[in-house]
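Trainee: Hey, got a minute to look at this one with me? I'd like to go through it bit by bit.

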Amino acid sequence: MSQDAIANRAGVGNATLYRHFPTREDLLEEVYRDRIRPLREDARTLLATESPA
């Protein structure tokens with residue numbers, strides 16, 4: 001899928017997408033971080049509340 005198609009599907013202009021994510025790799029990296037962030041937070045909570053097995 002092209003970045004123009006992604007922008008259209010997200011309901012933003014392609015210039016907005018390119019301004020925030022100049023390359024496809026930048027966009028994919030942020031998607032990855034967004035998916036990993038909750039897992040990282042859960043891991044920190046578990047480390048703070050549970051003892052190691």
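Trainee: How much surface does the protein expose, and what share do carbon and sulfur atoms supply?
Mentor: About 4,600 Å² is exposed, and carbon and sulfur atoms supply 55% of that. Keep in mind that this is a predicted model.

Trainee: And what part of the 53 residues is buried?
Mentor: Buried residues make up 8% of them.

Trainee: OK, what about the overall size? What's the radius of gyration?
Mentor: It's 17 Å for this protein, while a compact globule of 53 residues would come out near 10 Å. The C-alpha atoms fill a box of roughly 50 × 20 × 20 Å along the principal axes.

Trainee: How many helices and strands are there?
Mentor: Three helices and zero strands, so the pattern along the sequence reads α-α-α. Helix 2 covers residues 14–20, and helix 3 runs over residues 24–49.

Trainee: H20 is in helix 2, right at that last number. Is H20 buried or exposed?
Mentor: H20 counts as exposed, because its relative accessibility is 53% and the cut-off for exposed is over 50%.

Trainee: How far is H20 from S51 in space?
Mentor: They're 41 Å apart, C-alpha to C-alpha, with their positions 31 residues apart in sequence.

Trainee: Switching topic: which residues make the nonpolar surface patch?
Mentor: Y32, I36 and L39 make it, and the patch is about 320 Å². I36 sits in helix 3 and counts as partly exposed because its relative accessibility is 33%.

Trainee: Now charges. Why can side chains of opposite charge pair?
Mentor: They can pair when their charged atoms come close.

Trainee: How many salt bridges does that give here?
Mentor: The count comes to three. One of them links the side chains of E29 and R33, at 2.7 Å from N to O. Both lie in helix 3, four residues apart, which is about one turn of the helix. E29 is partly exposed at 38%, and R33 is partly exposed at 44%.

Trainee: And which residues does R37 bridge to?
Mentor: R37 pairs with E30, where the closest N and O atoms are 3.8 Å apart, and with D34, where they are 3.7 Å apart. Shared partners join E30, D34 and R37 into one network.

Trainee: Last one: how far apart are the mean positions of the positive and negative charges?
Mentor: They're 3 Å apart, taken over 8 positive and 9 negative charges.

Conventions: Residues numbered from 1 in each chain as written. Predicted model: local features only at pLDDT ≥ 70, side-chain atom pairs only at ≥ 80, totals over all residues. Heavy atoms only, no water. Helix = DSSP H or I, 4+ residues; strand = E, 2+ residues; numbered from the N terminus. Rg over C-alpha atoms; globule rule 2.2 N^0.38 Å. Buried < 20%, exposed > 50% of the residue type's maximum accessible area, 1.4 Å probe, protein only. Areas by Shrake-Rupley, 256 points an atom, 1.4 Å probe, with all protein chains shown as cover. Lys, Arg positive; Asp, Glu negative; His and termini not counted. Charge placed at Lys NZ, Arg CZ, Asp CG, Glu CD. Patch = residues over 30% accessible without salt bridge, like charges linked within 9 Å, V, L, I, M, F, W, Y side chains within 5 Å. Salt bridge = Lys/Arg side-chain N within 4 Å of Asp/Glu carboxyl O.
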